[in-house]
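Reader: I'd like to understand how the chains in this one fit together. Can we go through it step by step?

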Amino acid sequence: VSAPYITFLSDYGYLDEFVGVCHGVIARRCPGALVIEITHAIPRHDIRTGALVLADALAFMPSAVHLAVVDPDVGAVGERARRAVAIRTAADDRLLVGPDNGLLMAAVKRFGGVAEAVEVSRSRERLEPVSRTFHGRDIFAPVAAALAAGEPLANVGEELDVKELRPLELPVARVSDGTLTTHVLRADHFGNLILDASAAQLAETGLQADAAVSVEVSGRVFRARYCLTFADVARGELLLYADSTRTAAIAVNHGSAAEHLGVMRDQELLVRAA
Amino acid sequence: VSAPYITFLSDYGYLDEFVGVCHGVIARRCPGALVIEITHAIPRHDIRTGALVLADALAFMPSAVHLAVVDPDVGAVGERARRAVAIRTAADDRLLVGPDNGLLMAAVKRFGGVAEAVEVSRSRERLEPVSRTFHGRDIFAPVAAALAAGEPLANVGEELDVKELRPLELPVARVSDGTLTTHVLRADHFGNLILDASAAQLAETGLQADAAVSVEVSGRVFRARYCLTFADVARGELLLYADSTRTAAIAVNHGSAAEHLGVMRDQELLVRAA
Amino acid sequence: VSAPYITFLSDYGYLDEFVGVCHGVIARRCPGALVIEITHAIPRHDIRTGALVLADALAFMPSAVHLAVVDPDVGAVGERARRAVAIRTAADDRLLVGPDNGLLMAAVKRFGGVAEAVEVSRSRERLEPVSRTFHGRDIFAPVAAALAAGEPLANVGEELDVKELRPLELPVARVSDGTLTTHVLRADHFGNLILDASAAQLAETGLQADAAVSVEVSGRVFRARYCLTFADVARGELLLYADSTRTAAIAVNHGSAAEHLGVMRDQELLVRAA
């Protein structure tokens with residue numbers, strides 16, 4: 001059998017040594033662990049994007065401890081303090097470690113929900129003194145490494161009622177009378193808009209491959225084409241498609257749909273055959 | 001013996017989770033494989049730069065499966081469709097996996113040409129459903145991982161006639177009567193111009209170390225110095241040198257030769273003693 | 001026991017294949033070695049920042065060979081030539097490999113100073129021909145890999161008198177009559193100013209948590225707050241704090257202290273209760 005895997009996602013970026021230092025902490029606690037960097041370029045403090053990228057990526061990850069850190073409230077005290085948690089999922093026994101701010105919850109949902117959760121802020125695995133600003137190093141990495149080294153979940157924290165976990169708030173798409181009411185979940189680095197609708201909901205709307213569709217945003221109507229790939233429309237034209245994770249998305253071929261439509265996160269779009 | 005190595009080069013960049021997801025796919029198919037990132041900053045869709053960087057880097061890589069993805073025609077159908085291939089080289093038994101668009105062929109040439117090639121578009125190793133946009137995840141990474149895990153080449157695809165492989169088109173430098181006729185292969189991130197001439201061809205031209213040379217571009221003549229390193233000329237001056245891969249290059253000390261000479265890829269330069 | 005670890009820090013950046021090629025060289029000499037990237041985003045040629053980041057990071061790294069390359073004088077000859085060295089520390093038997101320009105010396109100091117040092121420029125481990133520009137590939141990586149593979153220090157170079165090692169020049173903070181005289185060591189990517197004072201020296205100055213402090217720079221006086229974390233002051237306000245490595249630092253919440261104070265490296269700051 002191979003060494004245990006840890007996957008790692010964060011908004012730490014690549015300009016500083018934050019990621020490298022977490023690797024050092026992992027290597028000290030779980031020598032030989034293999035770390036897969038999912039990405040460290042989640043937009044700073046963007047919990048939702050982190051949660052969605054994590055959930056989509058996990059389908060392709062091996063059995064592992066999944067460490068994730070997007071943590072705008074690190075070090076906050078009192079009312080704004082957030083928990084630090086480790087979670088075991090109901091399906092596939094995935095272990096996830098990170099802040100209890102919704103970041104882990106889209107992935108947890110994909111794996112059948114929570115089987116067991118512990119609060120790890122005062123874990124015996126933490127590095128003392130715990131800093132106010134770098135819980136990735138002081139709490140999350142050592143807890144993830146301990147789990148990868150085989151520690152049972154119950155040993156790295158205090159039992160937590162599942163109902164106390166903070167959910168990830170997301171809009172919900174719906175189909176009615178051939179109209180898909182959908183919302184912008186996030187924009188990627190190219191300005192493509194990821195929606196809250198699935199490929200199945202696109203089909204349910206009755207759209208035909210290569211058909212013209214209308215996209216209505218705040219009363220303005222745009223023409224787009226429902227197709228398989230960017231090359232199916234001319235440069236500058238709008239397309240509606242299912243991306244490589246089977247999620248509905250809107251893009252402009254060689255352009256930015258975010259700019260073209262002038263939309264923001266959570267904005268509602270009405271999509272129907274044109 | 002250590003775990004198998006896979007090297008990975010692409011134009012995926014570091015802003016998205018594409019590279020990380022390919023790592024996950026590799027870990028699932030070949031647990032414990034060690035992945036060396038050659039670079040993921042190949043300019044987007046720049047097959048030639050990818051091919052040249054890959055060929056130069058491979059001389060320093062261990063025995064491995066070499067995964068490379070620069071794939072502007074991913075998902076194209078009909079006439080524009082390109083094959084997906086895996087190749088074993090005649091020398092040193094290197095295995096290369098990637099699109100059949102020339103990307104692998106400079107490296108293949110360095111290792112004695114093709115010993116065996118297979119088409120892997122419908123490989124039994126592929127992840128279904130194969131997306132239109134992310135063959136790195138769905139075809140190339142799983143095939144590379146299967147080879148690293150010990151699958152014979154014949155098991156991961158259909159036999160392919162070597163003559164059907166698409167070559168990499170490159171200009172060819174020549175020396176005649178003390179004049180080197182050479183061409184710009186690519187510019188690096190500093191604006192240094194990598195040429196198609198070798199250090200041996202520079203010597204054949206009769207240039208002496210530290211000599212003044214003339215560089216003629218489209219009728220304009222520039223003065224340069226043939227020397228060993230940037231520090232041998234003043235700031236802003238042009239130098240001709242053999243780079244760390246023994247390839248001829250032109251640079252401006254603390255500047256950009258690409259801007260200074262105003263040249264583009266494939267442009268012809270005439271180099272001789274001044 | 002796990003495979004040996006090598007940590008790697010440089011100013012090579014992520015745009016080129018330099019880091020990847022060094023990984024290949026390591027894998028050939030020490031198959032299975034696990035490499036931890038501390039960071040490759042040290043500002044180009046900034047030896048001091050490299051030295052300080054390395055020293056801070058090493059406290060969190062496992063027992064390893066620590067490879068570091070920030071090397072503005074690579075390839076220089078004659079008077080400007082610098083040595084290439086490998087060092088064993090007095091405490092904890094850490095092995096460090098890099099240019100002898102001060103880069104390694106802050107880390108060496110943290111681990112009790114030098115126990116043994118060798119000059120490796122002509123190491124039998126080097127890759128011939130050694131290039132003028134890429135000693136990371138040709139000297140430092142193969143020497144680090146040889147050490148990780150178990151070669152004794154004496155086998156990879158020629159013995160060197162400790163007194164010949166080039167020191168890292170740093171300013172020195174002092175506390176007198178309730179005034180801390182401190183200096184800017186470096187700015188991080190956010191414009192936070194890292195000082196040469198420790199958390200202990202801040203305490204020695206008699207500052208109280210949450211107290212107002214004055215910061216005098218070249219005769220100009222700024223008001224700041226001595227506190228634990230950014231959230232303790234309003235946006236745009238100046239704070240003095242101990243960072244996650246227990247080093248004194250000055251920042252502006254959601255801003256740049258470097259711009260706000262208009263200071264440069266090594267500039268003197270006088271800090272006292274306001």
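Reader: How many residues does the contact take from chain A and from chain B?

Author: First, a heads-up: this is a predicted model, where local features need pLDDT of at least 70, side-chain atom pairs count only at pLDDT 80 or more, and totals for chains, interfaces and linings use all residues. Residues are numbered from 1 along each chain as its sequence is written, chains are lettered from A in the order in which they are written, and side-chain values use heavy atoms, with hydrogens and water left out. Contact here means heavy atoms within 4.5 Å. By that rule, chain A gives 24 residues and chain B gives 23 residues.

Reader: Which three residues supply 28% of the area that chain A buries against chain B?

Author: Buried area is the accessible area (1.4 Å probe) that two parts lose on being put together, summed over both. For chain A and chain B that comes to about 1900 Å², with 62% from carbon and sulfur atoms. On chain A's side, the trio that beats any other three residues is A:Phe60, A:His189 and A:Ser244.

Reader: How many salt bridges are there between chain A and chain B?

Author: A salt bridge needs a side-chain nitrogen of Lys or Arg within 4 Å of a carboxyl oxygen of Asp or Glu. Between chain A and chain B, the count is zero.

Reader: Which element gives the largest share of the side of chain A that touches chain B?

Author: Helices (H or I, at least four residues) and strands (E, at least two) are DSSP runs, numbered from the N terminus. Strand E2 (34–39) and helix H2 (47–58) of chain A each supply at least two residues there. The largest share, five residues, comes from E2(A).
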